[in-house]
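User: I would like to learn how helix packing and residue burial are read from a set of coordinates. Could you take me through a case, giving the general idea before the particular one?

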Amino acid sequence: LELYGVRDWGEGYFDISAAGELVAQLPLGKQASQVALLDIIQGMKERGIEMPSILRIENLLDDRIKALNEAFKHAINEYSYQNHYRGVFPIKVNQQCHVIEEIADFGAGYHHGFEAGSKAELIIALSKLKDDQSLIICNGYKDSEFIELGLYAKEMGLKCFFVLETPSELPIILECSQRLGIEPLLGVRIRPLVIVDGHWNEDSGDRSIFGLSTASLIKVVEQLKESNMLHCLQLLHCHLGSQIPNIRNIRSGVLEACRFYSGLMEEGAPMGFLDLGGGLAVDYEGARTNSHHSMNYQLDEYCANIVETICECLDPLAIPHPVIISESGRSTVAYSSMLLFNVLDVRDHCPAPLPDSLPGSSHELVHNLWQVNQVVAADNFQECYNDALFYRDEVRELFRRGQASLSDRAIADNITLAVLEKVAVELKQTDKHYPELNNLPEMLADTYYGNFSLFQSLPDIWAIDQVFPVMPIHRLQEEPDRDALIADITCDCDGKIDHFSNAKGIQRTTRLHTVHEGEEYYLGVFLVGAYQETLGDLHNLFGDTNVVSVHIHADGSYDFVREFQGDSIADVLSYVEYDTKIMTEEFRQLAEKAVKQGKITAAKRKQMMKAFKASLDGYTYFEKEEH
Ligand code: PLP
């Protein structure tokens, strides 16, 4: 089933088994070790972990760290580069404790460090980092508390760099350094001029809110010279933006960074570290193009381009090769997490069977619509589409003004659906493009109601129209027979997934299976490990979902290594400052009043109090009743 493009976006980590189930797979033995996601859901159910849940595959994350480090190692060997690579994971991309601990544990083998953009993130880095060869890069605005912490880390032997984002940070760093008698490791963040393709192109350019202008950079160098501290300036930082889809932009950015690097060496700074920030993209579409959700390069090519460009720029100047640092977040964590949820309901938009003839009392415009429905054919379907929508809207307008009955409106809506269905059939028979009919599939698509909150679990779909791979995780040996879009369970019309990527590019609907009465239908949204968990919000008070981490073994078995219970209703209420004890008392008073008024019995009150308390302890998502 190529429909969902698993092999295009899955980077080899997902496939479809002969039994029609989506499997996660890892290259652990001679053959890939595969685990069916449905099997994991079954195991979760048996352990009482309900949908929706985030599933993390712990050693898939390890594999990403390995892939990045090995790809740089390979490029470094290929170009006889005279220094090494050090990766740092930007904590903001996924701050969840398990993710950070796994990166620290597995990453230690590669001296993979952390990038911290705030005091809280620095505290995470300091407490979780396992290895003193790894780097800590401190970006963002830093007050003296932040700086003191970083200086203590340096004194304990950690390579903790402060990257200057603004000139005003330097006096604070110098003051703290003098006071504590600890010399800092310093970096400067430049504002590259390269404007990259993709969504995050405001991290670079003259008007970028990050980094030093060239004038400020020179000022910083002068201040360092004056304070006899220029020897502390060892790192140049350059971040072009996240999710850079075009490799040519990356090359241009590295070239510009190297020019700054050599300029700073000319000024007398020792340098030694070149930090190229994030930007390594994820091919959410699997299209290998330079569109926002894709990328026109692969990991090996990314590393080779960086190494080659540095050599090309610095070798003619006889500048020693710097340690290459990258702050790859998205590409490191996106693949290892997926959101799994069940479908609660499906609303189809099929017309009800039409009567043999219209009631005589029907409005004249309804009769016109009826006529349109009789004549839809290959040579007039666009005309019929236009006529049907025109008559339907007229009837709706008359209904609003009280000149058509409810029954007229209902029949008109139904006949219109019948016309649109016939038009859709005709449209499928032709190769000709009818731009005006582009949204026809969407108008006729079924709505699948999923047990999740888009705002909590997939906020980038709402915020920036991000496209993630979405697909059923089972029944994949069956041809899906419905056009669908997916709605979440918030009461918000923005809470829907209506952009899907497939072999034909980005589509407004996807194909899903008919859901059979009494059977569960599970969908997964993939590559959600980066940014989604922390950017999610409490819209409609749907809280954090359950999280399960599994570790896959070479023989295809797996362990549930960690489980986190999602928020209860009491948890989310406390986040918005409710006191659930007071709320319980208020509910008790309401119930007691009802007893007094004879509306309920005391025994009923007991039952109601029990239900109230059970709800407070319950999951914020739809829970299936247990019998
Ligand atoms: N470094 C910095 C300074 C960033 O601002 C970001 C995110 O925009 C990153 C690293 C991570 O980028 P990515 O997730 O594209 O790897």
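User: How are H3 and H4 oriented to each other, and at roughly what angle do their axes cross?

Analyst: The general idea is that an angle between 35 and 65 degrees belongs to the oblique class. In this predicted model, the axes of H3 (residues 58–78) and H4 (residues 97–107) come within 10 Å and cross at roughly 50°, and the two helices are therefore oblique to each other. The crossing in which H3 passes H4 is right-handed. On the H3 side the contact is made by Glu-58, Leu-61, Asp-62 and Ile-65, and on the H4 side by Val-99, Glu-102, Ile-103, Phe-106 and Gly-107. Sorted by class, this contact has 5 nonpolar, 1 polar and 3 charged residues.

User: Which residues of H4 are buried, and what covers them?

Analyst: Burial is read from a count of neighbours, the cut-off being 20 or more other C-beta atoms within 10 Å. In H4, the buried residues are Val-99, Ile-100, Glu-102, Ile-103, Ala-104 and Gly-107. Their cover includes H3, strand E5 (85–90), helix H5 (119–128) and helix H11 (330–333).

User: At what angle do H3 and H10 pack, and how far apart are their axes?

Analyst: The same reading of angle and distance applies here. H3 packs with H10 (residues 299–314) at an angle of about 45°, the axes being 9 Å apart, which makes H3 oblique to H10. This crossing, too, is right-handed. H3 contributes Ala-67, Leu-68, Ala-71, Phe-72, His-74, Ala-75, Ile-76 and Glu-78 to the contact, while H10 contributes Leu-299, Asp-300, Cys-303, Ala-304 and Val-307. By class, there are 10 nonpolar, 1 polar and 2 charged residues in the contact of H3 with H10.

User: Is Glu-478 buried or exposed?

Analyst: The opposite end of the burial scale is reached at 12 or fewer neighbouring C-beta atoms. Glu-478, in the loop between strand E15 (470–472) and strand E16 (482–487), is exposed because 12 other C-beta atoms lie within 10 Å. Leaving aside residues up to four places away in sequence, Glu-478 touches Gly-20 and His-513.

User: Which residues come nearest to the ligand?

Analyst: For a ligand, one lists the surrounding residues and then sorts them by class. Of the 16 residues around the ligand, those that come nearest are Ser-242, Gly-278, Glu-327, Gly-329 and Arg-330, and the shell as a whole has 4 nonpolar, 9 polar and 3 charged residues.

Terms used: Residues numbered from 1 in each chain as written. Predicted model: local features only at pLDDT ≥ 70, side-chain atom pairs only at ≥ 80, totals over all residues. Axes fitted to C-alpha atoms, helices over the stretch in contact; angles between N-to-C directions. Helix = DSSP H or I, 4+ residues; strand = E, 2+ residues; numbered from the N terminus. Parallel < 35°, antiparallel > 145°, perpendicular 65-115°, else oblique. Left-handed = near helix turned anticlockwise from the far one by under 90°. Contact = placed C-beta atoms within 7 Å. Nonpolar A, V, L, I, M, F, W, Y, C, P; charged D, E, K, R; others polar. Near = placed C-beta within 6 Å.
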